[in-house]
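Good morning, and thank you for making time on the agenda. I would ask everyone to look at the sequence and the structure before I begin.

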Amino acid sequence: MKNSISFFLALIISFQVFSQEKPNIVLLFVDDYGWADIGYRNSSFETPNLDQLKKESLDFQRAYIPTPTCSPSRLSLLTGKEAVRLQMVRHISLDPKNPDAKYGTWETDPVQMPSLNYLPLAETTYAEKIKEYGYYNHFIGKWHLGHTGRYPIDQGFDSEFGVTDAGHPKSYYYPFFNPAADPKGFMKGYKKGDYLTDVLTDGAVDFISGYNKKQPFMLTFWYYSVHGPSVGRKDLLEKYKARGIEGKYADHHAMVEAMDESVGKVRQALEEKGIADNTVIIVLSDQGGAYTNDPLRGGKKGGDTLAEGGARVPFMIKYPGITKANTESFVPVQSIDVFPTLMEIASGKKYKNKDIQGVSLMPLLKGENIKERNLFGFRSYEDQYTSIIRGDWKIIKYHSGKYQLYNVKTDKSESHDLIGSGLKIEKKLKRDLAKWEKKAVPAFGPYQLKE
């Protein structure tokens with residue numbers, strides 16, 4: 001009898017385990033949030049909620065964006081593809097006289113490479129794919145991948161809030177956008193003194209607290225913050241000015257703290273809903289910060305965006321029951337890896353797709369390893385052109401023919417150029433980079449890619 005009881009108890013426990021709902025997923029994608037702009041790396045910033053999340057998560061210390069620019073970074077995250085392969089190499093800047101133009105150019109781009117003005121509807125997004133596994137998809141915030149008719153709702157999301165045609169607001173205080181940039185009126189009807197980050201956060205909290213469907217959800221919250229214009233929330237701004245932080249950098253500090261508060265409110269909503277223990281939280285930035293990124297070199301601006309300060313970003317994942325709390329990974333990864341990782345979270349099975357360049361990070365989440373590989377970067381604004389990372393090594397290539405080689409493990413600030421010093425890794429990385437360029441970088445017009 002004891003054996004029979006034990007058997008049935010084991011059967012019941014087994015049934016309970018395998019009948020658990022798939023985890024909900026919350027993806028928080030912050031704009032222009034620098035790798036060093038977080039409290040545990042730089043005490044100048046107050047980010048208690050992100051600091052706490054770090055203690056509960058796997059923190060990727062070497063996470064990169066393939067094309068660290070607003071629109072291409074979003075394409076890569078959504079599709080698992082290097083944006084340059086689809087020829088979206090710069091941010092979308094619509095021409096009001098011709099909003100449906102397929103390509104745009106950039107006056108100072110050395111090669112005048114055309115760049116896509118919208119994400120093609122034919123591309124498969126993580127929202128479209130994860131829906132196949134039973135997920136409901138809600139989108140909040142900055143889209144910057146196309147205008148009306150090419151919004152999240154047209155790319156697999158079931159609902160959306162806060163989406164506009166703009167890449168950034170005119171102010172973080174109401175009125176947030178010019179009326180023409182908000183054709184669906186998401187950001188109309190608020191009052192003077194309302195702060196954009198808070199308004200969007202309220203939308204996220206309302207979605208979580210009011211969610212009543214049986215299916216799991218994925219909440220995609222893409223912040224407009226901390227992208228410029230740097231307009232800090234007034235109550236927070238005064239605190240940083242009192243510390244002697246000057247000008248717009250004080251506003252930036254206040255914006256970072258307001259974003260951190262938002263993360264805390266989203267997490268609190270999950271707790272109050274009783275679903276925190278069955279929700280995956282992912283936090284990632286779309287590119288390096290516009291201010292100092294010390295100790296990393298470079299940043300969003302200044303022609304050095306493929307350096308660590310421009311391409312390396314904060315990235316952490318908390319997967320209850322899978323990730324070990326307060327752990328770090330120094331394996332180089334990219335935002336293209338989020339797509340296949342989401343698919344494995346949603347399906348519970350290994351995900352393979354030859355049409356994407358990303359790989360699942362599930363082994364790393366479980367404390368295992370992934371195969372060493374090359375990671376590539378691309379830039380189409382200035383002389384700086386492409387990059388390749390393999391392990392501790394990195395090469396940056398320029399249109400003018402210059403190369404730079406760094407060991408980013410021992411030289412995080414990329415201050416000791418090792419090009420021409422006779423290292424075998426230089427030949428290998430140059431060779432691999434040239435092969436990738438031929439496959440990934442579109443040739444166009446009279447310009448042919450340099451070897």
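Let me start with strand S9, residues 279–285, and strand S11, residues 315–318: these two run antiparallel and are joined by four bridges. Please bear in mind that this is a predicted model. Within this pairing, Leu284 lies opposite Phe315 of S11, and Val283 has Met316 of S11 as its bridge partner.

S11 also pairs with strand S2, residues 58–60; here two bridges form the connection, and the strands again run antiparallel. In this second pairing, Leu58 is the residue standing opposite Ile317 of S11.

Which way do the side chains of S11 point? Phe315 and Ile317 point to one side of the strand, while Met316 and Lys318 point to the other, and all of them are buried.

We may now place these strands in the whole sheet. In general, the strands of a sheet pair through backbone hydrogen bonds, in parallel or antiparallel fashion. The sheet here is open, has eight strands with mixed pairing, and follows the order S7-S6-S8-S1-S9-S11-S2-S12. The edges are formed by strand S7, at 159–161, and strand S12, at 327–329; each has a single partner strand, so one side of each is left without a neighbour in the sheet. On average, neighbouring strands of the sheet are turned by 15° against each other, direction ignored.

Two helices that pack on this sheet deserve mention. Helix H5, residues 196–210, touches strand S6 (136–141), S7 and strand S8 (217–222), and its direction makes about 175° with that of S8. Helix H9, residues 338–347, touches strand S1 (24–30), S8, S9 and S11, and its direction makes about 175° with that of S9.

I turn finally to a pair of helices. Two packed helices are described by the angle between their axes and the distance between the axes. For helix H6, residues 234–242, and helix H7, residues 247–273, the axes come within 8 Å and cross at roughly 130°. H6 and H7 are therefore oblique to each other, since angles over 145 degrees would be needed to count as roughly antiparallel. The crossing of H6 past H7 is right-handed.

Which residues of H6 and H7 make the contact? From H6 they are Leu236, Leu237, Lys239, Tyr240 and Lys241; from H7 they are Ala250, Asp251, His253, Ala254, Glu257, Ala258 and Glu261. Sorted by class, the contact of H6 with H7 comprises six nonpolar, one polar and five charged residues.

Terms used. Residues numbered from 1 in each chain as written. Predicted model: local features only at pLDDT ≥ 70, side-chain atom pairs only at ≥ 80, totals over all residues. Heavy atoms only, no water. Pairing = 2+ DSSP bridges. Axes fitted to C-alpha atoms, helices over the stretch in contact; angles between N-to-C directions. Contact = heavy atoms within 4.5 Å. Parallel < 35°, antiparallel > 145°, perpendicular 65-115°, else oblique. Left-handed = near helix turned anticlockwise from the far one by under 90°. Nonpolar A, V, L, I, M, F, W, Y, C, P; charged D, E, K, R; others polar. Buried < 20%, exposed > 50% of the residue type's maximum accessible area, 1.4 Å probe, protein only.
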